[in-house]
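You asked for a colleague's reading of this structure. My comments are set out below as numbered points, to be read beside the coordinates.

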Amino acid sequence: MIRLERVCYRYEGSGAAVEDLSFEINRGEFAALLGENGAGKSTVAKLIDGLVKPASGTVTVAGLDTRKTKTSELAKRVGFLFQNPDRQICKNTVREELAFGLELRGLDRAAIDERVERTLRDFGFDGERGPFTLSRGERQRLALASIIAAEPEIMILDEPTTGLDYRECMRVMEAVKGLNENGATVLMICHDMEVVLDFARRALVLSKGRLIADGAARRIFRSACAMEKASLSPPQITQLSLRLGAGFEEADTVGELAEAIVKRRRAV
Ligand SMILES: Nc1ncnc2c1ncn2[C@@H]1O[C@H](COP(=O)(O)OP(=O)(O)OP(=O)(O)O)[C@@H](O)[C@H]1O
Ligand SMILES: [Mg+2]
């Protein structure tokens with residue numbers, strides 16, 4: 001579904017942002033892209049979205065080589081949530097905002113109206129509200145809703161939960177989860193390891209433009225070498241169970257930790 005083969009990219013006047021990067025993400029996966037500030041995560045997102053083209057190597061998205069495909073063509077397949085939702089919002093009402101993305105995709109009026117009304121219902125939005133009267137978390141959900149309304153096959157999210165409170169974060173993530181459960185492939189850039197643990201199954205770790213780890217998110221969290229190299233800390237329960245050592249290897253959530261403690265007490 002998404003394939004990078006030996007991809008290199010550098011911005012004019014700066015060092016390599018992405019170097020010799022290869023990975024593949026299959027249809028229906030929910031993967032997280034992790035790494036320190038400046039590791040190259042947003043650059044990878046832009047490479048997949050076709051906003052930047054590889055200097056060398058190949059990026060293939062839904063079977064299309066991004067270098068040979070128009071960005072507008074890729075945009076029909078890939079939904080891209082920017083780090084800042086306000087870069088995406090441009091209309092005066094929530095309803096117009098939701099319709100806009102669909103108009104760009106060339107849907108007919110009846111289909112647009114049907115999807116807009118469905119999305120308003122699903123997300124519980126008031127269609128007449130002005131987008132900029134919404135809270136930051138709600139604007140993030142609106143940006144996400146207008147992408148989901150277009151039913152993309154692939155969804156790239158650049159830090160979808162940064163700046164949101166817990167409730168807003170969960171509402172945004174539940175929407176992403178729903179999209180993934182309906183078959184969309186999700187790649188999410190995220191600095192919050194608790195969110196990664198709760199929602200992503202796979203984690204790819206970038207450091208200085210290179211892939212340094214790739215596998216089950218829970219396994220990656222326990223790889224001290226990769227985590228330190230990318231300046232990341234595991235989720236809190238994982239940190240605790242790492243300190244507790246033998247018998248706690250599978251405990252990454254409160255429930256699993258409690259279970260491991262009970263097991264241990266029975267064994268004593
Ligand atoms: N428009 C640009 N012009 C020049 N250099 C850039 C540009 N955008 C990013 N870079 C550089 O490319 C490298 C990778 O940046 P990128 O934004 O992909 O990192 P990131 O992992 O998304 O970081 P963050 O966690 O801070 O968002 C960094 O060294 C950054 O300074
Ligand atoms: Mg970034």
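The points that follow take up confidence, the two sheets, some backbone angles, the helices and the surroundings of the ligand.

1. Confidence. The structure is a predicted model. Its mean pLDDT is 92, and 100% of the residues reach 70 or more. Among the elements, strand β3 (residues 30-35) has the highest mean pLDDT, 98, whereas helix α2 (residues 71-77) has the lowest, 88.

2. The four-stranded sheet. Strands in the order β2-β1-β4-β5 make up an open sheet with antiparallel pairing. Its edges are β2 (16-25) and β5 (64-65), each of which pairs on one side only. Strand β1 is joined to β2 by six bridges, the two running antiparallel, and within this pairing Leu 4 faces Phe 23 of β2. On its other pairing, β1 (residues 2-10) meets β4 (residues 56-61), again antiparallel, through five bridges; here Cys 8 is placed opposite Ser 56 of β4.

3. The hairpin. Strands β1 and β2 form a hairpin in which five residues lie between the strands. One of the turn residues, Gly 13, has a positive phi of about 80°.

4. The six-stranded sheet. A second arrangement to inspect is an open sheet of six strands, ordered β6-β7-β8-β3-β9-β10, in which the pairing is mixed. The edge positions belong to β6 (78-81) and β10 (210-216), and each of these pairs on one side only. On average, and with direction ignored, neighbouring strands of this sheet are turned by 15° against each other. Strand β6 runs parallel to β7 (residues 154-158), with four bridges joining the two. Gly 79 has Met 155 of β7 as its bridge partner.

5. Positive phi outside glycine. Two residues deserve a check of the backbone. Asp 20 is not a glycine, yet its phi is positive, near 45°. Asp 20 lies in strand β2 and counts as partly exposed because 15 C-beta neighbours fall inside 10 Å. Ala 62, likewise not a glycine, has a positive phi of about 50°. Ala 62 belongs to the loop between β4 and β5; with 17 other C-beta atoms within 10 Å, Ala 62 is also partly exposed.

6. Helix α4. What span should the 15 residues of α4 have at 1.5 Å a residue? The expected value for α4 (residues 109-123) is 21 Å, and its end C-alpha atoms are 21 Å apart, so the two agree. Just after this helix, Gly 124 takes a positive phi of about 65°.

7. Helix α5. The same test can be applied here. The 13 residues of α5 (residues 136-148) should span 18 Å at 1.5 Å a residue, and the distance between the end C-alpha atoms, 18 Å, agrees with this. Helix α5 is mostly covered, as eleven of its 13 residues are buried. The buried residues include the charged side chains of Glu 138, Arg 139 and Arg 141, and among the others are Leu 142, Leu 144, Ile 147 and Ile 148.

8. Surroundings of ligand 1. Which residues lie around ligand 1? They are Tyr 11, Ser 14, Ala 17, Gly 35, Asn 37, Gly 38, Ala 39, Gly 40, Lys 41, Ser 42 and Thr 43. By class, the shell holds seven polar residues, three nonpolar and one charged. Helix α1 (residues 41-49) gives the most to this shell, with three residues.

9. Gly 40. This member of the ligand 1 shell is found in the loop between β3 and α1. Is Gly 40 buried or exposed? Gly 40 is buried, because 23 other C-beta atoms lie within 10 Å, where the cut-off for burial is 20 or more. Its C-alpha atom is 9.9 Å from that of Leu 211, although the two residues are 171 apart in sequence.

10. Cys 225. This cysteine is part of helix α9 (residues 224-229). Cys 225 is exposed, because 9 other C-beta atoms lie within 10 Å and the cut-off for exposure is 12 or fewer. Between the C-alpha atoms of Cys 225 and Ala 17 the separation is 22 Å, with their positions 208 residues apart along the chain. Ala 17 is itself one of the residues around ligand 1.

Definitions and conventions
Residues numbered from 1 in each chain as written. Chains lettered and ligands numbered in written order. Near = placed C-beta within 6 Å. Expected span 1.5 Å × (residues − 1). Pairing = 2+ DSSP bridges. pLDDT = per-residue confidence, 0-100. Axes fitted to C-alpha atoms, helices over the stretch in contact; angles between N-to-C directions.
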